[in-house]
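User: Got a minute to walk me through this one? I'd like the overall picture and then some local detail.
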Amino acid sequence: MPRPATDPAKAAHIKVLRQQAGRWLKTAREQAGLTQAELAEKVGLRYYTFVSQVESGLGRLPIETQGAWAQALGLEPGDFAKTLLRYYEPELYRLLFGAEAAAAGQDRAVG
């Protein structure tokens, strides 16, 4: 079965959410006192450019690496993953935690 064409409005919304996730990650990295290169080394990346791509919203963290990123940033892994889920999979987040939690999370994330 062919995949439906991507809805331009949905694609734009996903782009915005990825950019917000990137800003959140950049803030967390800066609060941890790490450069992009230092964070890349702590999470086992060969090049810091992946950190740069994620922070700019061009990429996203794979699930299997989120624990290492949380540890490197000094954040609780469950809260870290939950925050990224809100950005990367907002509909799943809403199903798991409710519409009010999703709305409250967006207010905190953007503000």
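Analyst: Sure. One term up front: a polar contact is a pair of N or O atoms within 3.5 Å, and within protein one must be able to donate a hydrogen and the other to accept it. Also, this is a predicted model.

User: Okay, so where does that come up at the start of helix 5?
Analyst: A side-chain oxygen of glutamate 76 comes within 2.9 Å of the backbone nitrogen of glycine 78 there.

User: And how far does helix 5 reach from its first C-alpha to its last?
Analyst: Helix 5 covers residues 77–88, twelve residues in total, and reaches 16 Å, close to the 16 Å expected at 1.5 Å a residue.

User: Which residues in helix 5 are buried?
Analyst: Phe80, Thr83, Leu84, Leu85, Arg86, Tyr87 and Tyr88.

User: Zooming out, how many helices and strands does the chain have?
Analyst: Seven helices and zero strands. From the N terminus the order reads α-α-α-α-α-α-α. The chain has 111 residues, and 30% of them count as buried.

User: What about the accessible surface?
Analyst: About 7300 Å² for the chain, with 55% of that belonging to carbon and sulfur atoms.

User: Switching topic: where is threonine 35?
Analyst: In the loop between helix 1 (8–31) and helix 2 (36–42).

User: Why does threonine 35 count as partly exposed?
Analyst: Because its relative accessibility is 39%, and partly exposed runs between the 20% and 50% cut-offs.

User: How far is threonine 35 from valine 51?
Analyst: Their C-alpha atoms are separated by 9.6 Å, and the two residues are 16 apart along the chain.

Notes: Residues are numbered from 1 along each chain as its sequence is written. This is a predicted model: local features need pLDDT of at least 70, side-chain atom pairs count only at pLDDT 80 or more; totals for chains, interfaces and linings use all residues. Side-chain values use heavy atoms; hydrogens and water are left out. Helices (H or I, at least four residues) and strands (E, at least two) are DSSP runs, numbered from the N terminus. The expected span of a helix is 1.5 Å times one less than its number of residues. Buried means under 20% relative accessible area, exposed over 50%, partly exposed in between (1.4 Å probe, protein chains only). Accessible areas come from the Shrake-Rupley method with a 1.4 Å probe; for residues, only the protein chains shown count as cover.
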